[in-house]
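Reader: Can you walk me through this model? I'd like to start with the overall fold and then go into the helices and charged pairs.

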Amino acid sequence: MKRIQAGAVAFRVRSDQREFLLVTAKRSDEWIFPKGNVDTDETLEEAALRELREEAGVEGVIVAEIGKLTFAYRDESVEITYFLVQSGATRPNGEGRKIRWLPLEEALRLVTFDDFRDLLRRAAEEASLQGLV
């Protein structure tokens, strides 16, 4: 069985420097990107933005799809489509996760998994191609 999820690699610009958002996982201190299941009545894009709001308290606008990651979890395959999201308004998140906004190099050091490092590099490249500082 395949479970479909969506996630967001969010960025903002502070003092002419791009910063990327990392959040802690629900059950550990691993640093990841907001992601979660896609509800039956929503698109991948809508799910990615909802997860970003729920897990980090961040509103945003999708810039581009930046990749898919697939992994095995228990007896199913999970496929996550990630989107590059330009951050907008923020509010406290309701899930109590830790959040960090970091420049690319610091985010690359802190993020837990190698696949996420590759995704972060693609996000930075796409933001540069789009001229987003």
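Author: What follows goes from the overall layout to single helices, salt bridges and one core residue.

Author: This is a predicted model, where local features need pLDDT of at least 70, side-chain atom pairs count only at pLDDT 80 or more, and totals for chains, interfaces and linings use all residues. Residues are numbered from 1 along each chain as its sequence is written, and side-chain values use heavy atoms, with hydrogens and water left out.

Reader: How many helices and strands are there, and in what order do they run?

Author: The protein has three helices and seven strands. From the N terminus on, the order is β-β-β-β-α-β-β-β-α-α. Helices (H or I, at least four residues) and strands (E, at least two) are DSSP runs, numbered from the N terminus.

Reader: What about the overall dimensions?

Author: The C-alpha trace spans about 45 × 30 × 30 Å along its principal axes. A compact globule of 133 residues would have a radius of gyration near 14 Å, and the protein has 14 Å, which agrees. That radius is taken over C-alpha atoms, and the globule rule is 2.2 Å times the number of residues to the power 0.38.

Reader: What share is buried?

Author: Buried residues make up 47% of the 133 residues. Buried means under 20% relative accessible area, exposed over 50%, and partly exposed in between (1.4 Å probe, protein chains only). The protein exposes about 7200 Å², and carbon and sulfur atoms supply 46% of it; the areas come from the Shrake-Rupley method with a 1.4 Å probe, and for residues only the protein chains shown count as cover.

Reader: And what share of contacts is long-range in sequence, say 24 or more positions apart?

Author: Such pairs account for 69% of the contacts with a separation of 6 or more. Contact means heavy atoms within 4.5 Å.

Reader: Switching to H3. What is its span?

Author: H3 covers residues 114-129, 16 residues in all, and reaches 23 Å from its first C-alpha to its last, close to the 22 Å expected at 1.5 Å a residue. The expected span is 1.5 Å times one less than the number of residues.

Reader: Which of its residues are buried?

Author: Phe-116, Arg-117, Leu-119, Leu-120, Ala-123, Ala-124 and Ala-127 in H3 are buried. They cover an arc of only 160° around the axis, which puts them on the same side of H3; the arc is that of the directions from the helix axis to the C-beta atoms.

Reader: What's on the other side, and what covers the buried one?

Author: Asp-114, Glu-125 and Leu-129 are exposed on the other side of H3. The cover over the buried residues includes strands S1, S2, S3, S5 and S6 and helix H2. Just after H3, Gly-131 takes a positive phi of about 75°.

Reader: Arg-117 is in that buried list. What does its side chain pair with?

Author: Arg-117 forms a salt bridge with Asp-114, with the closest N and O atoms 2.7 Å apart. A salt bridge is a side-chain nitrogen of Lys or Arg within 4 Å of a carboxyl oxygen of Asp or Glu. Both residues lie in H3, three residues apart, about one turn of the helix. Arg-117 has a relative accessible area of 19% and is buried, while Asp-114 counts as exposed at 56%.

Reader: How many salt bridges in total?

Author: The count comes to twelve by this rule. Asp-39, Glu-42, Arg-50, Glu-51 and Glu-54 are linked in a network of them.

Reader: What does Arg-50 do there?

Author: Arg-50 meets Glu-42 in a salt bridge at 2.5 Å, N to O, and Asp-39 in another with the closest N and O atoms 3.7 Å apart. Asp-39 sits in the loop between S4 and H1, and Arg-50 in H1, eleven residues apart. Arg-50 is buried at 14% relative accessibility, Glu-42 is buried at 16%, and Asp-39 is partly exposed at 38%.

Reader: What do the buried residues of H1 pack against?

Author: They pack against S1, S2, S4, S5, S6 and S7. Among the buried residues of H1 are Ala-47, Leu-49 and Leu-52.

Reader: Last one: where is Val-9, and what does it touch?

Author: Val-9 is found in S1 and counts as buried at 0% relative accessibility. Leaving out residues up to four places away in sequence, its contacts include Phe-20, Phe-33, Ile-66, Leu-119, Leu-120 and Ala-123.
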